[in-house]
Amino acid sequence: MRMNWGLIGGGEGSQIGATHRIAAGLDGAFQLAAGALDVDATRAREFALRLGIAPDRAYGDWREMLAGEASRPDRVALVTVATPNSSHFEITRAFLAAGFHVLCEKPLTTTLQEAEEIVRTARSHGRICAVNYGYSGYALVRHARAMVAQGELGSIRVVVAEFAHGHHANAADADNPRVRWRYDPKLAGISSIVADCGIHALHLATFITGQQIQSVSADFASTIAGRELEDDALLAFRMSGGTVGRLWTSAIASGRMHGLAIQLFGEKGGLRWAQEQPNQLYWTPVGGRTCIIERGVAGISAAADRASRVTVGHAEGFLGAFGNIYADLAEQLRAGSEQREPNPLALSCPTAEDGASSIAAVQAAVASARARGAWVAL
Ligand code: NAD
């Protein structure tokens, strides 16, 4: 039976709302039963009705949704928070405290203090709080993680991560309201491109290596006049297992579309994966030839097999990756209601603890950049 699912934010025309709606329904585990979809109450209700939500669950505001759902016997089993960053904390904390499980968009909050409060709230109420680092849902990212865990790379010497796009490269966009707020600390917080994009690449580095980031040295640049926050950044970092980390992230890299990529160099070989070609993973054993591991190929790890829906050779991508976050949560929720242990493969879904660690890394990077690249411990 499908579980009732609620969405906050992700209204008509939003960047990420449609992806959540498709991904949550991909395996038939969730149905959109309630929503407070837009900051404008009328638009929120109208859009919810057009999506087939019943009139009494087409809410105009998230507080109204919280009150309405809390009193229903068929209340939503999971709430996704896909509003702009500054509202994540208040909404996520309120739903967790009222006993709902939550999937919150990244970044979990805008400060580490708030993120730690979310972790405490989820624990004290015994609720799941996941964070949508959706790229960790790609089958071959999960295969890379399995290869590392099985020791196929040996110890990892260096990880090099990138997330560079060129969509804010036009200086003439300085007054474009959709771009301007991202570089204004009053609206965006302490960091722009590192908190928005670099954070995904840092999470991938921890997800695949199984290590935590322990210290950071950063160089931030604001390359377009008038931008207070960084639009390009280079980070060096050190990880708990001794791995040396590098990250380049940028919003002014014209020619880069959605340039999220990661390379791992271990004592036994190197791995390379790029989000724009997510169905191939490149593996080069030390002294050997590069081979291409195709998503969906026979003999792939159980983690990658579980994360694939279509056969080898048919492109699978962003929607399926987000779908895997929902598949993990569906399994965790079903296991909870059936009082059994979940499939261990469903436990890799990013948690509030992961969300808090990433924010700690962003805060350390900001402190380092302000101290001209001094190393800052998390
Ligand atoms: P957006 O500005 O395109 O859309 C935001 C939506 O939220 C709009 O429909 C708006 O009306 C609605 N909204 C705003 N405040 C609200 C409130 N208080 N209550 C209800 N609805 C409200 O933003 P976006 O690009 O879709 O980003 C939303 C979130 O998703 C951000 O936190 C962003 O960082 C995150 N995001 C994550 C990924 C990813 O890969 N995981 C990708 C893109 C965006």
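Where is Gln339 found? In this predicted model, Gln339 sits in the loop between α11 (318-337) and α12 (352-370). Its backbone stands out, since phi of Gln339 is near 50°, a positive value in a residue other than glycine. The side of the story told by solvent is clear as well: Gln339 counts as exposed, at 76% relative accessibility.

Arg372 offers a second case of positive phi in a residue other than glycine, with a value near 55°. This arginine is found in the loop between α12 and β14 (376-377). With a relative accessible area of 81%, Arg372 is exposed; the cut-off for that label is over 50%.

A further backbone feature involves a proline. Lys106 and Pro107 are joined by a cis peptide bond, with omega at about -15°. Pro107 belongs to the loop between β4 (101-104) and α5 (112-125).

Attention now turns to the aromatic side chains. A pair of aromatic rings is described by the distance of the centres and the angle of the planes. The count comes to nine aromatic pairs. In one of them, the ring centres of Tyr135 and Phe163 are 6.2 Å apart and the planes stand at 90°, so the pair is edge-to-face. Because Tyr135 lies in the loop between β5 (129-131) and α6 (139-149) while Phe163 lies in strand β6 (residues 156-164), the contact ties together parts that are 28 residues apart in sequence. Tyr135 is buried, with a relative accessible area of 7%, and Phe163 also counts as buried, at 2% relative accessibility.

Tyr138 and Trp273 form another aromatic pair, this one tilted, with 5.2 Å from centre to centre and 55° between the planes. Here the loop between β5 and α6 supplies Tyr138 and strand β11 (residues 269-274) supplies Trp273, so the pair ties together parts that are 135 residues apart in sequence. Tyr138 is buried, at a relative accessible area of 4%, and Trp273 is buried too, at 3%. These four residues do not stand alone: ring pairs link Tyr135, Tyr138, Phe163, Trp273, Phe318 and Phe322 into a cluster.

Which residue lies over the face of Phe100? That position is taken by Arg75, at 4.0 Å from the ring centre. A comparable arrangement involves Phe207, where Arg145 lies over the face of the ring at 4.2 Å from its centre.

Conventions:
Residues numbered from 1 in each chain as written. Predicted model: local features only at pLDDT ≥ 70, side-chain atom pairs only at ≥ 80, totals over all residues. Heavy atoms only, no water. Helix = DSSP H or I, 4+ residues; strand = E, 2+ residues; numbered from the N terminus. Buried < 20%, exposed > 50% of the residue type's maximum accessible area, 1.4 Å probe, protein only. Phe/Tyr/Trp six-rings, centres within 6.5 Å; stacked < 30°, edge-to-face > 60°. Lys NZ or Arg CZ within 6 Å of the ring centre and 35° of its normal.
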